[in-house]
Amino acid sequence: MAALRPLTKRAALNAGSVVLVGAEWLPLDELAAAILKENKSFEVNVHLAKCLPLPVENEHTRPRIDLIVFLIDVHSQHSVEVVRSSLAYVDVNFFLGKVCFLAVGDKSVKHQVVEMYTLKQLADSYLSPLIPAELEGSREEPSFHQSFHRRAQEATRQTPLYADAETCVQL
């Protein structure tokens, strides 16, 4: 099976495609629905996958993938193994701002099976950010979804440009 490669297809204007990859018991569909509810001028298309590689049969109809989000359940070592096995199918160029790791679960250390230090090492080894998130019943959900939209927009390189003199850098 071939590795996912960035920039192999044309980008859609003011839109980006995100793939959420995680074990089957993780709330991928709930997260996708919450992300899609966010009303922004930038459209995010969310695709779900239990693991990589993606099927080759429908590769010609698959949109360009701008961001891959690996969800890891801090209560399950198996979710870490799913992510590690999936990473082999991601091209190295995706790790230039187009991959992030999302640690899902409550922040209570006593209930964690996977240490955050282990997840941080995994993310650091791929030069990608690790975002801790408590998706169920969290007060930080709206800000998380807004920052997620921003991350997707940055991954597609469609961030707003500012033309004032203070923010411009002459090359």
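This dialogue walks through the aromatic pairs and the backbone of a predicted model.

Biologist: How many aromatic pairs are there by the ring-centre rule?

Modeller: Rings count as a pair if their centres lie within 6.5 Å, and by this rule the count comes to three. One of them is Phe70 with Phe101, a stacked pair at 5.6 Å centre to centre with 25° between the planes. This pair links distant parts of the chain, since Phe70 sits in strand E3 and Phe101 in strand E4, 31 residues apart.

Biologist: Is Phe70 buried or exposed?

Modeller: Buried means under 20% relative accessible area, so Phe70, at 0%, counts as buried, and Phe101, with 1%, is buried as well.

Biologist: Which parts of the chain does the pair of Phe95 and Tyr126 tie together?

Modeller: The pair of Phe95 and Tyr126 is tilted, at 4.9 Å centre to centre with 35° between the planes. Phe95 lies in the loop between helix H2 and strand E4, and Tyr126 in the loop between H3 and E5, so the pair ties together parts that are 31 residues apart in sequence. Phe95 is buried at 11%, whereas Tyr126 is partly exposed at 28%. Phe70, Phe95, Phe101 and Tyr126 form one aromatic cluster.

Biologist: Where does a cis peptide bond occur, and which residue has a positive phi although it is not a glycine?

Modeller: Most residues other than glycine have a negative phi, and most peptide bonds are trans. Here, a cis bond joins Leu52 and Pro53, with omega about 15°, and Pro53 is in the loop between strands E2 and E3. The positive phi, about 55°, belongs to Leu127, which lies in the loop between helix H3 and strand E5 and counts as exposed at 72% relative accessibility.

How values were computed. Residues are numbered from 1 along each chain as its sequence is written. This is a predicted model: local features need pLDDT of at least 70, side-chain atom pairs count only at pLDDT 80 or more; totals for chains, interfaces and linings use all residues. Side-chain values use heavy atoms; hydrogens and water are left out. Helices (H or I, at least four residues) and strands (E, at least two) are DSSP runs, numbered from the N terminus. Buried means under 20% relative accessible area, exposed over 50%, partly exposed in between (1.4 Å probe, protein chains only). Rings of Phe, Tyr and Trp (its six-membered ring) pair if their centres lie within 6.5 Å; planes under 30 degrees apart count as stacked, over 60 as edge-to-face and the rest as tilted.
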